[in-house]
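User: Hello! I am new to this structure and would like a friendly tour. Could you take me through it step by step?

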Amino acid sequence: MINALRGMKDLLENDGKLYKFIIDTCEKVVKNYGYEFCEVPKLEETALFKRSVGQSSDIVGKEMYQFIDKGGNDVCLRPEGTAGVVRAFIENKFDRAGGVRRYFYHGSMFRYERPQRGRLREFHQFGVECFGEASVYEDASVILMLNEILNTLGIKTTLKINSLGDTQCMPIYKDKLIKFVQNNTENLCQDCLRRLQTNPIRILDCKNENCQNILQNAPLITDNLNQICNDDFNKLQEILKANQVDFQIDPKLVRGLDYYCKTAFEFVSNDIGSQSAVAGGGRYDKLCEYLGGKSTPAVGWAMGIERIMEILRQQQKETKRQGIYICALNSNLIDEIYKIGKMLRKNYKTEISYEAKSPNKHLNIADKKGFEIFLCLGEDEFSQNQIWYKNLNNKDEKRISIANLESEI
Ligand code: ATP
Ligand code: MG
């Protein structure tokens, strides 16, 4: 028997439906903002990712599905979508043509990570990239667009934003940060000691507690922006506020990829454990030039479909509950609940249990079978013409009078 590889999952049945539903929802929203579908290869030269995602990033440092093909080429399964789309944009000479181009894509990404909840080796992203627009209005638009998608899907998230400055103010800030951290190197983790050499900014989002303690009084990029970056960052906040989009400023949000400047953002959810980022993105004005094209401002984001699916699956579980499960603790009460159950059946899906069991055993069955309302009759309740009621959606529980049963539930 051959199984799927570790960290790779099939999208069948409900998962297939959810996947399609998410993609359809995203497409509908982004098309109204002028984004058009594009598809680029999933296998590219390794050099593309090394150069664009950055040698110092976790992705290039440890997560690449890299191999030598039969022709001796050093190739890599794409770990993210932006690099390939930028390569295609330049290769097709759209950088020379000028104008604004907006693309969306979706499909598999590959990262050799330790598989766990919310972390797969093959996962799927829906992403957008806008080329040729330097205005901060576009930064705001891509955030509004993502916010609209998440709202349409019914997903509650927190938006975190930051500005990473530009090629003028970032290096000055970087020096300040390095000076600050160099006074504390004895408590830095191994990864951050390496980051100090390769990409000191990444120290800011280290998960290690010691490193975070050191950073408590570190200089913040948001206090060190030049006039242009500061104005843009303020304008971004103004537009978000005017559109009733709540956000938190997180000066330590630097994201996993090396190529961002100015706007960086992330939407996080409390509903999926520690792998909480559902989508992230930002501006990357220097990447085109860096990959050999004509300098072109650009901004985009990518959303992790599996993490969205996990949230929707939980919501389905909650909202799908329906019907009434009615049971008794003693066998002499079965006649009673049979009468009540028959009455309820006229209007509701009702399951009557004919077997007397402990309340916990009954509750387990009702829960597993996805009932919404649990009614349980014991001697005590019966003597007072009442029955025990529990709503398995909101966990509300109380005794209710049998006479008013229908109006109470
Ligand atoms: P994380 O901090 O969780 O590792 P990341 O910064 O590596 O995320 P990005 O490169 O920004 O993530 O990718 C965008 C989105 O893709 C993430 O917000 C997340 O929803 C999803 N994602 C990233 N890595 C994985 C993975 N291994 N499995 C499933 N989804 C992933
Ligand atoms: Mg990651």
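User: Let's start with a single strand contact. Which residue in β9 stands opposite L159?

Analyst: Happy to help, and please keep in mind that this is a predicted model. L159 falls within strand β7, residues 158–163, and this strand pairs with β9 in the antiparallel sense over six bridges. Opposite L159 in β9 stands F267.

User: β7 has another pairing, with strand β8. In what sense do they run, parallel or antiparallel?

Analyst: Strand β8 covers residues 248–249, and two bridges join it to β7. One place to look is K160, which stands opposite Q248 in β8. The sense in which β7 and β8 run is parallel.

User: Now to the inside of the model. Which helix gives the largest share of the lining of the largest cavity?

Analyst: The structure holds one cavity of 30 Å³ or more, and its volume is about 30 Å³. Its lining is made up of S163, C229, D232, F233, L236, K262 and T263. Both α10 (227–242) and β9 (261–268) supply at least two of these residues. The largest share, four residues, comes from α10.

User: How many residues of that cavity lining are charged?

Analyst: By class, the lining of the largest cavity includes three nonpolar and two polar residues. The remaining class is the charged one, and its count is two.

User: What about the second largest pocket: which helix gives the most to its lining?

Analyst: The second largest pocket has a volume of about 670 Å³. It is lined by 28 residues, and those nearest its centre are K174, N199, D258, Y259 and Y260. Helices α2 (46–53), α7 (169–182) and α11 (287–290) each supply at least two lining residues. The one that gives the most, with four residues, is α2.

User: And how many nonpolar residues are in the lining of this second largest pocket?

Analyst: Eight residues of the lining are polar and eight are charged. The nonpolar residues number 12.

User: I would like to see some aromatic rings. What kind of aromatic pair do F126 and W301 form?

Analyst: The structure holds 13 aromatic pairs. In the one formed by F126 and W301, the rings are 6.2 Å apart centre to centre, with 35° between the planes. The pair links distant parts of the chain, with F126 in strand β6 (residues 122–131) and W301 in strand β11 (residues 298–304), 175 residues apart. Both residues are buried, and the kind of pair is tilted.

User: Where do charged side chains meet rings? Which ring does the charged end of R121 sit over?

Analyst: For another example first, R101 lies over the face of F94, at 4.2 Å from the ring centre. F94 also belongs to a cluster that ring pairs make with F89, Y103, F131 and Y284. The charged end of R121 is 3.8 Å from the centre of its ring, and that ring belongs to Y112.

User: Back to strand β11. Why is it described as largely enclosed?

Analyst: Look at the two sides in turn: A298, G300, A302 and G304 point one way, V299, W301 and M303 point the other way, and all are buried. β11 is largely enclosed by the rest of the structure because its buried residues number seven of the seven.

User: Which residue of β11 is the bridge partner of Q125?

Analyst: β11 pairs with β6 in the antiparallel sense over seven bridges. It is also joined by five bridges to strand β10 (residues 277–283), where the run is antiparallel, and the partner of A279 there is M303. For Q125, the bridge partner in β11 is G304.

User: One more strand, β14. Which residue is the bridge partner of A328 there?

Analyst: In strand β14 (residues 373–377), five of its five residues are buried. β14 pairs with strand β15 (residues 386–391) in the antiparallel sense over four bridges, and I373 stands opposite N391. Strand β12 (residues 324–328) runs parallel to β14 and is joined to it by five bridges. The partner of A328 in β14 is L377.

User: To finish, is P115 buried or exposed?

Analyst: P115 is found in the loop between β5 (101–110) and β6. P115 and R6 are 109 residues apart in sequence, yet 7.3 Å apart in space, C-alpha to C-alpha. The relative accessible area of P115 is 19%, and the cut-off for this class is under 20%, so P115 counts as buried.

Key. Residues numbered from 1 in each chain as written. Chains lettered and ligands numbered in written order. Predicted model: local features only at pLDDT ≥ 70, side-chain atom pairs only at ≥ 80, totals over all residues. Heavy atoms only, no water. 1 Å grid on protein atoms, 1.4 Å probe; cavity = no way out; pocket = protein on both sides within 12 Å on 5 of 7 lines; lining within 4 Å. Points joined across faces, edges and corners; volume = space filled by probe spheres on them. Nonpolar A, V, L, I, M, F, W, Y, C, P; charged D, E, K, R; others polar. Phe/Tyr/Trp six-rings, centres within 6.5 Å; stacked < 30°, edge-to-face > 60°. Buried < 20%, exposed > 50% of the residue type's maximum accessible area, 1.4 Å probe, protein only. Lys NZ or Arg CZ within 6 Å of the ring centre and 35° of its normal. Pairing = 2+ DSSP bridges.
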